[in-house]
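User: I would like to learn how to read a structure feature by feature, with the general idea stated before the particular case. Could you take me through one in that way?

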Amino acid sequence: MKYFTTTFFCFLVGLLLHAQAKFTLNGYVKDSMSGETLIGANISVQEQAKGVAANQYGFYSITLPKGSYQLIFSYIGYQPQVIEIPFDGNKTLNVLLTPLSSLLNNVVVLSKKRENNVKTAQMGKVELNINTIKALPTFLGEVDILKSLQLLPGVRNAGEGNAGFYVRGGGPDQNLILLDDAVVYNTGHLFGFFSVFNSDAIKSLSLIKGGMPAQYGGRLSSVIDVAMKDGNMNKTEIDAGIGLIASRFAIQGPIKKNKASYMVSARRTYIDALMQPFLKGGAYQGSGYYFYDLNAKVNYQFSSNDRLYLSSYIGRDKFTFNNAERSFQTSIPWGNATATLRWNHIFNKKLFANTTLVYNDYKFNFTGIQNDFAFKLSSGIRDLNGKIDFDYYATPEHNIKFGALYTYHTFIPSVFSGSQDSVKFSPNSAQEKYANEYALYLQDDWDISKGIKLNYGVRYSMFQQIGSYKTYTTDANGNRLDSTLYSKGQTVKTYGGLEPRATIRISLNENSSIKAAVTRNLQYIHLVSNAGTTLPTDIWVPSTLRVKPQIGWQYATGYFRNFNDNMFETSLELYYKTMQNQIEYKEGYTPNTLTDPEESFVFGKGWSYGAELFINKVKGRFTGWVGYTLSWSWRKFPDLNNGLKYPSRYDRRHDLSVVGMYTINKKWKVSSIFIFGSGNAISLPERFYFIGGVLTQQYSSIDAYRMKPYSRLDLAATYTPIPRKPRKYTHSWVFSIYNAYSRLNPYFYYFSQQGNAQDGTLQVTAKQVSIFPLIPSVTLNVHI
């Protein structure tokens, strides 16, 4: 016993001595010009396989044994700093990195360090630099970050000119899109042709399509995490742009230098103003369309350990149509509003916390008036969200994240109401639905050895549909027989489960590695669409007594290799994904605002698999990438297609994107995009016959046919004049050509009738509609 006590005491003394022999350095990594924090900046120990990455707020912490070390602070597009630091006590050091003057080092698609392609355990993550996005050809002169994501392997577009996208065979609702931690439910302007993100307000953008970390949840396919600029801490900056259909203005600067800053950015189209001269005095006077965005953010550092952020986004579309000849008027406004309040707090050298409160609201309204008849259709979703996230830098080998989340959802269905003269009518089943959503997560980024790294974690989520709510018992014909009323806050139905996540990296040598990932995801809210792309009329619905949560498993593996001193990054990834409890409308469905949409749902399963090749050149005057995807996406519903499997509307066999950017000199930069994709799957009529003298069509099985393949070449050139004398402002001209060889890509097909059935001359012919030929544009950008 005495020997055991002595040994145990020596062990404790050894632990204390060992603990006392280690010290911690922490701080922030920032842009030296603006004071913006650099998300994910790398901090590595010279000539050692040790290092950490700064978190989402630029905070880092590294613990090392006593001694003197050379630390390398690096971030893509910035001049790295090598600083020798003696670890003889706990210290705080804020590091300022200087942006590289040449755009050559900014125009890349890369993680924060050249070697991260092969060194990190993360799979399927790509970060797009905002300068890259701004250098690419644009549609009608509008920079669009979501369309830039469509150029990556595994991400396909929703259609010609559309900002919607699908990831690895999943649906549009399976992408978690965050703007400063606020969920964005509708990402499109102009019925999806432009995204809601104004590039002048955006600091960073990342896409995760495989190996989703445990800190994210609620969706099956991907995460798009968008961070707004904090605002320049050192000086006032103004950016403005004038394009063919819209203008932009952004201003940022210090409220109190190095303590507080602000950023405000606005964008508005003037399509309505351009149309009015042509409509004035006619039957359609007063018709028009416009959209606008407003981003605002302030932040204040009220101590060395505390910082407060308040950010907001408001975006609206409004379409109006007037027909004086028929006494008809209609107005269709829709849009998002979000507000995010965040508090950063450093508890100690190793522990960082962020507390977040979020409000977001998406609304859609459709009103119409004809003579004395008026009607209104409305839908939407509103969230109140609170969460707390911790970063604990235990050792250089362990970076631990954990946190909790709560969201209160309010779902507004497609509510229809109307009136004629003094008579008013409204549906008898439309009711708002309410839900609580909870989540807890824990994850660890663990350097097991120099050759093996593991990112593993688990998330537990729970979803409760709560009252007020009323359910009905019906007969075979849908007639209501009885009802059950749930009071406010009473639980109607509860779902929940564990969501394990794991990604492993095994290094083969300094330039190559293999990775594998497995993730389980639960999705409790769903977007139900009756079209091939997301529209404002699509509705979000919760999991309920009838609607079960979607469940997804994704398995992925890949080979990653860098060439020529990390000038080229390459990867080949394989994936297989299963999706349970998928939702579609039943066959023969027609919109009916007088009943609950759930009554028209059918449920099934889906699965997808494929291979993705990515070749990315990140150095030199010429940069760019090639992305190719070979994939299959299937669905199977007992109540659709006779129970047989069919290709989903998101299925595309081949998808190729080639992106190139070249700096000719200091004045001129050029870029190009080439896209090729297999045709979309569609259902078409196969037979035409007469019933009672009316021409009737019989459709094929679901998605039995393919549209023609899609291809397009876009070109752009940016001219930046160099003034002979210094000026307070700089400006540039961006010339862009969309669809340079004017290919008529199919948008949809319809069938035209010619002749007469009575005399045997009737002919039915398939016609193709294409909407965008060659479209040139020019944009003037000014920076002060």
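Analyst: What follows goes from confidence to sheets, then to aromatic rings and finally to single residues.

User: Where should confidence be considered, and what is the mean pLDDT of the protein?

Analyst: This is a predicted model, and pLDDT is the predictor's confidence in each residue. The mean pLDDT of the protein is 85, with 90% of its residues reaching 70 or more. Over residues 1-19 the pLDDT stays under 50, and the model gives that stretch zero contacts beyond four places in sequence. Residues 102-113 also have a pLDDT below 50, but in the model this stretch has 48 contacts beyond near neighbours in sequence.

User: How do I read a sheet, and which strands stand at the edges of the open sheet of five strands?

Analyst: Two strands pair if at least two bridges are found between them. Here five strands form an open sheet in the order 10-17-18-13-14, with mixed pairing. Strand 10 (125-127) and strand 14 (182-183) stand at the edges, and because each has a single partner strand, one side of each is left without a neighbour in the sheet. Within this order, strand 13 (residues 175-179) pairs with strand 18 (residues 222-228) in the parallel sense over five bridges, and Asn175 stands opposite Ser222 of strand 18.

User: In which sense do strand 1 and strand 6 run with respect to strand 9, parallel or antiparallel?

Analyst: Strand 1 (residues 22-31) runs parallel to strand 9 (residues 95-99) and is joined to it by three bridges, with Val29 having Val95 as its bridge partner. Strand 6 (residues 78-79), by contrast, runs antiparallel to strand 9 and is joined to it by two bridges, and here Tyr78 stands opposite Pro99.

User: How is a pair of aromatic rings described, and how many such pairs are counted?

Analyst: A pair of aromatic rings is described by the distance of the centres and the angle of the planes. The count comes to 30 aromatic pairs, taking centres within 6.5 Å as the cut-off. The rings of Tyr166 and Tyr650 have their centres 4.4 Å apart and their planes at 40°, so this pair is tilted. Since Tyr166 lies in strand 12 (residues 165-167) and Tyr650 in the loop between strand 41 (646-647) and strand 42 (654-663), the pair ties together parts that are 484 residues apart in sequence, and both residues are buried. The rings of Phe194 and Phe291 also form a tilted pair, with centres 6.0 Å apart and planes at 40°. Phe194 is buried at a relative accessible area of 1%, and Phe291 is buried at 0%.

User: Which residue has its charged end over the ring of Tyr309?

Analyst: The charged end of Arg342 sits over that ring, 5.6 Å from its centre. Tyr309 itself belongs to one aromatic cluster with Tyr28, Tyr57, Phe59, Phe352 and Tyr393.

User: How should a single residue be read, and is Glu573 buried or exposed?

Analyst: One can take its place, its accessibility and its contacts in turn. Glu573 is in strand 38 (residues 568-585), and it counts as buried because its relative accessibility is 6%, the cut-off being under 20%. Its side chain makes a polar contact of 3.1 Å with that of Arg168. Leu244, in the loop between strand 19 (237-242) and strand 20 (246-256), is partly exposed, with a relative accessible area of 38%. The C-alpha atoms of Leu244 and Thr779 are separated by 7.1 Å, although the two residues are 535 residues apart along the chain.

Key. Residues are numbered from 1 along each chain as its sequence is written. This is a predicted model: local features need pLDDT of at least 70, side-chain atom pairs count only at pLDDT 80 or more; totals for chains, interfaces and linings use all residues. Side-chain values use heavy atoms; hydrogens and water are left out. Helices (H or I, at least four residues) and strands (E, at least two) are DSSP runs, numbered from the N terminus. Buried means under 20% relative accessible area, exposed over 50%, partly exposed in between (1.4 Å probe, protein chains only). A polar contact is a pair of N or O atoms within 3.5 Å; within protein, one must be able to donate a hydrogen and the other to accept it, and residues adjacent in sequence count only if both atoms are side-chain atoms. pLDDT is the predictor's confidence in each residue, from 0 to 100. Contact means heavy atoms within 4.5 Å. Rings of Phe, Tyr and Trp (its six-membered ring) pair if their centres lie within 6.5 Å; planes under 30 degrees apart count as stacked, over 60 as edge-to-face and the rest as tilted. A charge sits over a ring if NZ of Lys or CZ of Arg is within 6 Å of the ring centre and within 35 degrees of the ring normal.
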